[in-house]
Amino acid sequence: MPEPVMGTEEDVILNRVVALILDEIIAVVCALVVGGVIGGLLGSSGLAILLALAIIFGYHVVLEGLYGQTVGKRLLGIVVVTQHGDPCSMGASVVRNALRIIDAFFHYAVGLVVMLINDDRQRIGDIAANTVVVRAK
């Protein structure tokens with residue numbers, strides 16, 4: 001995992017937004033390809049939709065839980081860590097990403113507003129998981 005630069009939470013808001021856009025594009029493309037192929041092979045659109053949703057959720061959870069970064073975060077030089085600077089655990093990643101559904105209301109306006117009024121620039125998922133997003137060395 002890249003070394004975090006603690007105290008840079010306020011400096012990464014724009015990077016977080018751009019990383020999210022990149023990550024959603026990557027996750028949705030992967031979900032459509034894999035879900036479409038599997039769903040097509042099995043003739044089940046319901047299975048394709050469930051698989052696509054699992055891929056989108058899993059993309060964020062697995063990459064942040066293992067490496068502290070998704071592809072978008074890596075490209076933008078940011079990393080998810082605990083509030084003490086320790087690596088993000090798989091459990092914390094599950095919590096922060098499960099609450100993404102609330103942060104995503106109104107095209108992520110809820111998450112952005114919460115970040116802007118929070119001293120550590122945390123969205124709801126970060127607050128619940130005790131994580132922050134900071135610059136990576």
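**Figure 1. Thr82, a buried residue in a predicted model.** With a relative accessibility of 18%, Thr82 counts as buried, because the cut-off for that word is under 20%. All the views in this set come from a predicted model. Thr82 belongs to strand E2, which covers residues 78-82. Which residues does Thr82 touch, if those up to four places away in sequence are not counted? They are Met6, Pro87, Asn130, Thr131 and Val132. Keep Asn130 in mind, as we will return to it in a later view.

**Figure 2. Val79, another member of strand E2.** Val79 also has its place in strand E2. Is Val79 buried or exposed? Its relative accessibility is 0%, so Val79 counts as buried. Leaving out residues up to four places away in sequence, Val79 touches a list of partners that includes Met1, Pro2 and Pro4. Among the other partners of Val79 are Tyr67, Gly68 and Gln69, and the list also includes Val132, Val133, Val134, Arg135 and Ala136. Another pair to look for is Val79 and Glu64: they are 15 residues apart in sequence, and their C-alpha atoms are 8.2 Å apart in space.

**Figure 3. Helix H2 meets helix H4.** Here you can follow helix H2, residues 45-67, as its axis comes within 8 Å of the axis of helix H4, residues 90-98. The two axes cross at roughly 145 degrees, and the crossing of H2 past H4 is right-handed. Which residues make the contact? From H2 come Phe57, His60, Val61, Val62, Glu64, Gly65 and Leu66. From H4 come Met90, Ser93, Val94, Arg96, Asn97 and Ala98. Sorted by class, this contact has 7 nonpolar, 4 polar and 2 charged residues. If helix pairs are new to you, it helps to know that two packed helices are described by the angle between their axes and the distance between the axes.

**Figure 4. The buried side of helix H4.** Take a look at Ala92, Ser93, Arg96 and Asn97, which are buried in H4. Why do they lie on the same side of the helix? They cover an arc of only 120 degrees around the axis, and this puts them on the same side of H4.

**Figure 5. Met90 of helix H4.** Met90 lies in helix H4 and is partly exposed, with a relative accessible area of 34%. Not counting residues up to four places away in sequence, Met90 touches Val61, Val62, Gly65 and Leu66. These four names appear in the H2 part of the helix contact as well. Met90 and Asn130 are 40 residues apart along the chain, and 13 Å separates their C-alpha atoms.

**Figure 6. Asn130, a loop residue with a positive phi.** Where is Asn130 found? It is in the loop between helix H7 (124-129) and strand E3 (131-136). Asn130 has a positive phi of about 55 degrees although it is not a glycine. For background, most residues other than glycine have a negative phi. The relative accessibility of Asn130 is 44%, so this residue counts as partly exposed. Once residues up to four places away in sequence are set aside, Asn130 touches Val81, Thr82 and Gln83. From C-alpha to C-alpha, Asn130 and Val113 are 18 Å apart, with their positions 17 residues apart in sequence.

**Figure 7. Tyr108 in helix H6.** Tyr108 has its place in helix H6. What is the phi of Tyr108? It is positive, about 70 degrees, although Tyr108 is not a glycine. Tyr108 is partly exposed, with a relative accessible area of 22%.

**Figure 8. Asn118, between two helices.** Asn118 is in the loop between helix H6 (105-117) and H7. At 16% relative accessibility, Asn118 counts as buried. The C-alpha atoms of Asn118 and His107 are separated by 19 Å, and the two residues are 11 residues apart along the chain.

**Figure 9. Two cysteines and a search for disulfides.** How many disulfides does a search of the whole structure find? The search finds 0. As a reminder, a disulfide is a covalent bond between the sulfur atoms of two cysteines. Cys30 is partly exposed, with a relative accessible area of 37%, whereas Cys88 is buried, with a relative accessible area of 5%.

Key
Residues are numbered from 1 along each chain as its sequence is written. This is a predicted model: local features need pLDDT of at least 70, side-chain atom pairs count only at pLDDT 80 or more; totals for chains, interfaces and linings use all residues. Side-chain values use heavy atoms; hydrogens and water are left out. A disulfide is a pair of cysteine sulfur atoms within 2.5 Å. Buried means under 20% relative accessible area, exposed over 50%, partly exposed in between (1.4 Å probe, protein chains only). Axes are lines fitted to C-alpha atoms, for helices over the stretch in contact, and angles run from 0 to 180 degrees between N-to-C directions. A crossing is left-handed if the near helix is turned anticlockwise from the far one by less than a right angle, and right-handed if clockwise. Contact means heavy atoms within 4.5 Å. Ala, Val, Leu, Ile, Met, Phe, Trp, Tyr, Cys and Pro count as nonpolar, Asp, Glu, Lys and Arg as charged, and the others, Gly among them, as polar. The arc is that of the directions from the helix axis to the C-beta atoms.
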